[in-house]
Amino acid sequence: MNNHALSRRDLATVWHPCTQMKDHEHLPMIPIRCGEGVWLEDYDGNRYLDAISSWWVNLFGHVNPRINAAIKRQADRLEHVILAGFTHEPVIELSERLIAVAPPRLKHCFYADNGSSAVEVALKMSFHYWRNSGRPEKTRFINLSNSYHGETLGAMSVSDLALYRETYRPLLWETITVPSPECSQREDGEDWESYTRRMFAHMETALERHSHEVCAVIIEPLVQCAGGMRMYDPVYLAMLREACDRHHVHLIADEIAVGFGRTGTLFACEQGGISPDFMCLSKGLTGGYLPLSVVLTTEAVYAGFYDDYSNLRTFLHSHSYTGNPLACAAALATLQIFEEGGIIERNRALAKVMGDESRPLADHPHVGEVRQTGMIVAAEMIRDKKAKAPYPWQERRGLAVYQYALGKGFLLRPLGNVIYFMPPYVITPEQIQALARVAEAGIDRATR
Ligand SMILES: *Cc1c(COP(=O)(O)O)cnc(C)c1O
């Protein structure tokens with residue numbers, strides 16, 4: 001088997017996610033034969049450094065021996081069982097461990113099998129809680145501009161990225177969209193915290209006006225990842241928590257992308273010193289191995305559903321693979337790696353290297369901004385730095401960087417004109433350095 005033969009078979013039958021298949025008339029499809037650590041290897045023997053953690057899921061490298069062993073052990077014991085009326089050790093232990101490390105007040109775990117479904121669960125639970133509490137007029141959600149919460153219709157309704165959303169708009173419900181505090185729009189010389197504080201006024205106004213009809217505010221804490229790795233100051237989280245309490249509105253923290261050490265703390269919410277009413281986790285939850293998601297919620301929300309069956313307050317939501325034991329075993333092995341310590345500290349040190357190595361990018365005549373939160377660094381390509389004029393999206397300059405990097409053995413997958421690094425935590429300082437230099441050369445090529 002070689003790349004060419006497999007690619008031909010692939011393109012005959014596989015319809016790939018988030019892909020214009022016609023692009024593959026000229027872009028090679030890359031079949032991956034195996035992985036190890038930060039590396040992926042194709043059938044022609046080319047190796048690629050996975051600088052985007054395979055869509056932000058991988059934490060401790062591909063084919064991690066410890067996670068592999070945990071899954072194999074579990075597979076020999078129990079692959080799956082219905083989670084209604086039945087339970088199993090991995091899901092019990094995972095719930096206990098998640099609650100132990102999550103922000104305080106989160107006491108119950110509801111499982112699904114992907115991030116979008118976790119968002120759906122949180123939205124439905126919040127709405128249903130208010131209904132159970134005699135507040136059926138609370139039916140709306142507040143979201144941020146430039147937000148992304150997934151691809152299912154409910155998750156898309158509370159998202160605000162025109163690229164993914166616009167086509168389906170007639171199918172989506174209306175939300176109250178508040179301008180994002182993300183700092184790429186701040187004035188020259190204004191610091192993140194001042195800008196973030198200033199932008200909170202919009203949220204306060206929306207809550208004052210609408211709280212009587214609002215179930216919850218949904219946010220991505222600290223980094224709007226799919227929206228171009230746009231970042232804001234943790235002070236927003238503290239201000240939002242206080243305002244949600246004051247206005248009797250739930251706070252949903254979508255930590256699907258930022259959870260599990262990505263931002264320099266285990267969960268991004270910690271940096272604002274807050275506990276949300278719902279925290280959605282997926283992606284890194286299983287170390288990037290298997291589809292699993294979970295919504296953690298409070299005793300108060302749980303109690304809002306706890307009643308005699310005939311009173312019809314039950315949360316009647318399920319997915320076939322809810323709480324799958326193999327996925328739970330992978331998640332437990334992942335948490336075990338965190339628990340043995342040193343990961344967050346090591347990430348902070350690696351984040352510093354990422355910052356140092358990326359700094360020269362900011363001097364590039366066609367890079368508008370280099371921004372960083374923990375182990376996420378993003379550089380935005382821009383046509384005219386002074387006028388802050390972007391490149392027309394039709395020019396697909398990000399794609400040019402993608403192709404250049406692939407040729408050099410690096411997997412980057414820019415979001416439009418935003419080049420970003422979000423590598424597995426097992427990357428080395430030398431690899432980060434090489435990655436930054438390739439990105440720089442790629443940007444150079446793409447902006448010529
Ligand atoms: C990826 C992502 C989702 C959706 O998760 P899927 O598993 O792809 O459905 C939701 N919210 C955020 C912030 C994400 O990054």
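A residue counts as near the ligand if one of its heavy atoms lies within 4 Å of it. The model is predicted.

**Ligand site**

The residues around the ligand are W56, N114, G115, S116, Y148, H149, G150, E220, D254, I256, A257 and K283. By class, this shell holds four nonpolar, five polar and three charged residues. Polar side-chain atoms of N114, D254 and K283 pair with ligand atoms as follows.

| Residue | Ligand atom | Distance |
|---|---|---|
| N114 | oxygen | 3.4 Å |
| D254 | nitrogen | 2.6 Å |
| K283 | oxygen | 2.6 Å |

The ligand taken alone exposes 380 Å². Of that area, the protein buries 83%.

What kind of ligand atom does D254 approach with a polar side-chain atom? A nitrogen atom, at 2.6 Å. For K283, the partner is an oxygen atom of the ligand, and the side chain contributes an N or O atom. N114 also has an oxygen atom of the ligand as its partner.

**Second largest pocket**

The second largest pocket holds about 970 Å³ of space. Its lining counts 36 residues. Which of them are closest to the pocket centre? They are L83, C109, F110, Y302 and F315.

Several elements of secondary structure contribute to the lining. Two helices, α4 (89–101) and α10 (299–303), supply at least two residues each. The strands β4 (106–112) and β12 (293–298) likewise supply at least two each.

The lining divides by class into 19 nonpolar, 12 polar and five charged residues.

Note on methods. Residues are numbered from 1 along each chain as its sequence is written. This is a predicted model: local features need pLDDT of at least 70, side-chain atom pairs count only at pLDDT 80 or more; totals for chains, interfaces and linings use all residues. Side-chain values use heavy atoms; hydrogens and water are left out. A polar contact is a pair of N or O atoms within 3.5 Å; within protein, one must be able to donate a hydrogen and the other to accept it, and residues adjacent in sequence count only if both atoms are side-chain atoms. Accessible areas come from the Shrake-Rupley method with a 1.4 Å probe; for residues, only the protein chains shown count as cover. Ala, Val, Leu, Ile, Met, Phe, Trp, Tyr, Cys and Pro count as nonpolar, Asp, Glu, Lys and Arg as charged, and the others, Gly among them, as polar. On a 1 Å grid over the protein atoms alone, a cavity is a set of points where a 1.4 Å probe fits but cannot get out, and a pocket is an open set with protein on both sides within 12 Å along at least five of seven lines; lining residues have an atom within 4 Å of a point. Grid points are joined across faces, edges and corners, and a volume is the space filled by probe spheres set on the points. Helices (H or I, at least four residues) and strands (E, at least two) are DSSP runs, numbered from the N terminus.
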